Amino acid sequence: MPHVPAEPAGASSPPRANTIVAVLALAGITVSLMQTLVIPLIPQLPALLGAPASDTAWAITATLLAGAVATPVLGRLGDMYGKRRMLLTSLALLVVGSVVAALSDSLAPMVVGRALQGLAAGVIPLGISIMRDELPAERLGAATALMSASLGVGGALGLPAAALMAEHADWHVLFWTSAGLGALACVLVLTLVPESSVRSGGRFDVAGAAGLSAGLVCLLLAISKGADWGWTSPATAGLIGAAVVVLALWGVWELRAGEPLVDLRTTARRQVLFTNLASAVFGFAMFAMSLVLPQLLQLPEATGYGLGQSMLAMGLVMAPSGLVMMATAPVSARISKTRGPKVTLMLGALVVAAGYGAGVVLMSAIWQLVLVSAVIGAGIGLAYGAMPALVMGAVPVSETAAANSLNTLMRSIGTSVSSAVAGVVLAQMTIALGPVTVPSQDGFRVVMAIGAGAALVALGVAAFLPGRRPASAPPAAHTVPTVPAEAAP
């Protein structure tokens with residue numbers, strides 16, 4: 001049985017705990033910047049890299065696929081060999097990938113660099129797991145809520161910064177900047193974040209890692225490329241079929257393995273299962289905003305509903321949602337402390353649904369879109385803050401990083417499906433604008449309505465989560481509390 005410290009390392013030193021939280025949150029925001037880093041460059045990539053648009057799309061797809069593969073693998077390795085070690089490895093890959101992309105002027109090195117950046121996707125679940133090991137109980141709820149919300153914060157705040165640099169500097173500066181931020185995060189983690197003594201040990205499940213990676217690559221490649229290849233094309237159908245077969249065989253292997261990559265029996269526990277299902281649906285709901293609002297802001301006024309704004313203005317409109325996510329993280333922790341994380345997750349889903357509902361009718365002015373994005377951001381901050389508490393409250397300490405990584409992966413899968421569904425809707429509901437066709441206003445409204453519906457589905461899934469344990473109830477074996485008001489060990 002792994003050694004579990006009687007008292008977290010930061011329990012007797014609040015300043016040290018504050019430092020750990022700040023450094024890990026910075027690392028999380030730095031990694032989440034990768035989601036929006038290349039958005040300002042997407043229209044220019046074919047000219048910049050000398051390749052057709054269908055090929056330059058791999059600069060986005062490679063990051064998605066690499067992140068899906070790396071997140072569960074690095075989470076398990078973190079539990080086995082040290083979470084800080086794997087966190088530093090992830091950040092180092094981010095730096096190397098950023099340098100490769102910064103030095104590139106053609107497609108191949110850009111795709112390689114973006115794939116290496118994607119391998120850093122495990123930073124946020126690893127950071128949450130370090131917090132569980134190192135922080136005192138009274139700090140854990142707010143800290144993990146902030147770290148979880150950093151996934152959205154970095155993306156929202158990175159968009160205006162990336163747009164500003166893309167408009168006024170050479171595009172390579174974007175990647176040199178990300179390399180610098182990654183190097184800074186590496187140094188700070190190395191010097192200020194301790195390595196936890198909580199280890200599971202054992203042998204790494206190579207076959208399980210290979211099977212899960214192959215299944216996820218087939219699934220996400222089909223989802224991300226289905227619109228280009230055709231949803232009924234042999235390539236798309238073959239990949240989906242392969243994903244089903246591979247993931248089914250992987251599940252059988254994991255159930256029989258003595259030391260599996262993912263403990264499916266733990267994952268099947270009601271609290272973990274429904275949290276992960278809610279996370280996937282929530283990831284679907286969250287991304288609809290990122291697809292609709294930028295297009296509404298940038299479409300020309302000649303459409304009758306576009307606002308004709310620049311990329312920089314679009315980024316500035318989206319930025320408040322990131323600030324709201326950060327501001328609601330401590331609110332999420334407080335609600336979880338007093339009412340339980342299940343209530344927080346359900347409240348977050350309700351707020352997101354309200355934001356999308358408002359967005360169906362409020363899309364004719366900049367202030368309206370700022371309001372819609374801020375409301376949705378508040379709901380995301382509440383829900384994302386509750387998810388780690390729910391997961392960690394039901395898994396052994398020795399499986400913390402793997403469980404958080406799986407939860408993060410479920411959000412990413414939901415986001416990928418959301419992108420595909422919204423893409424289909426917007427491609428079918430169009431109007432002619434001179435020689436080109438653009439998504440219609442009704443198309444945007446349908447996507448907003450789908451986002452609201454997905455948030456309500458997440459609310460319904462969350463309702464099946466078990467309620468808070470009474471204060472007198474003992475915690476599950478080998479776990480520590482994630483919310484101070486719940487049972488103490």
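These are my notes on a buried arginine, the nonpolar cores and a hairpin in a predicted model.

**Ground rules.** Local features need pLDDT of at least 70 and side-chain atom pairs count only at pLDDT 80 or more, while totals for chains, interfaces and linings use all residues. Residues are numbered from 1 along each chain as its sequence is written, and side-chain values use heavy atoms, with hydrogens and water left out.

**Arginine 411.** I found arginine 411 in helix 17, residues 400-428 (helices are DSSP runs of H or I, at least four residues, and strands are E runs of at least two, numbered from the N terminus). Arginine 411 is buried (under 20% relative accessible area, 1.4 Å probe, protein chains only). I looked for a salt bridge (a Lys or Arg side-chain nitrogen within 4 Å of an Asp or Glu carboxyl oxygen) and arginine 411 has none. The nearest side chain of opposite charge (Lys and Arg positive, Asp and Glu negative, His and chain ends not counted) is aspartate 79, 15 Å away. Beyond four places in sequence, its contacts (heavy atoms within 4.5 Å) include Ser148, Ser279 and Tyr384.

**Cores.** The largest nonpolar core (buried Ala, Val, Leu, Ile, Met, Phe, Trp, Tyr and Cys joined through side-chain atoms within 4.5 Å) has 125 residues. Helix 13, residues 270-298, gives the largest share, 12 residues. I also noted a second, separate core of 5 residues, including Val272 and Ala403.

**Hairpin.** Strand 1 (430-433) and strand 2 (436-439) run antiparallel, joined by 4 bridges (pairing needs at least two DSSP bridges). Alanine 432 has threonine 437 as its bridge partner. In the turn, glycine 434 has a positive phi of about 65°.

Methods. Buried means under 20% relative accessible area, exposed over 50%, partly exposed in between (1.4 Å probe, protein chains only).
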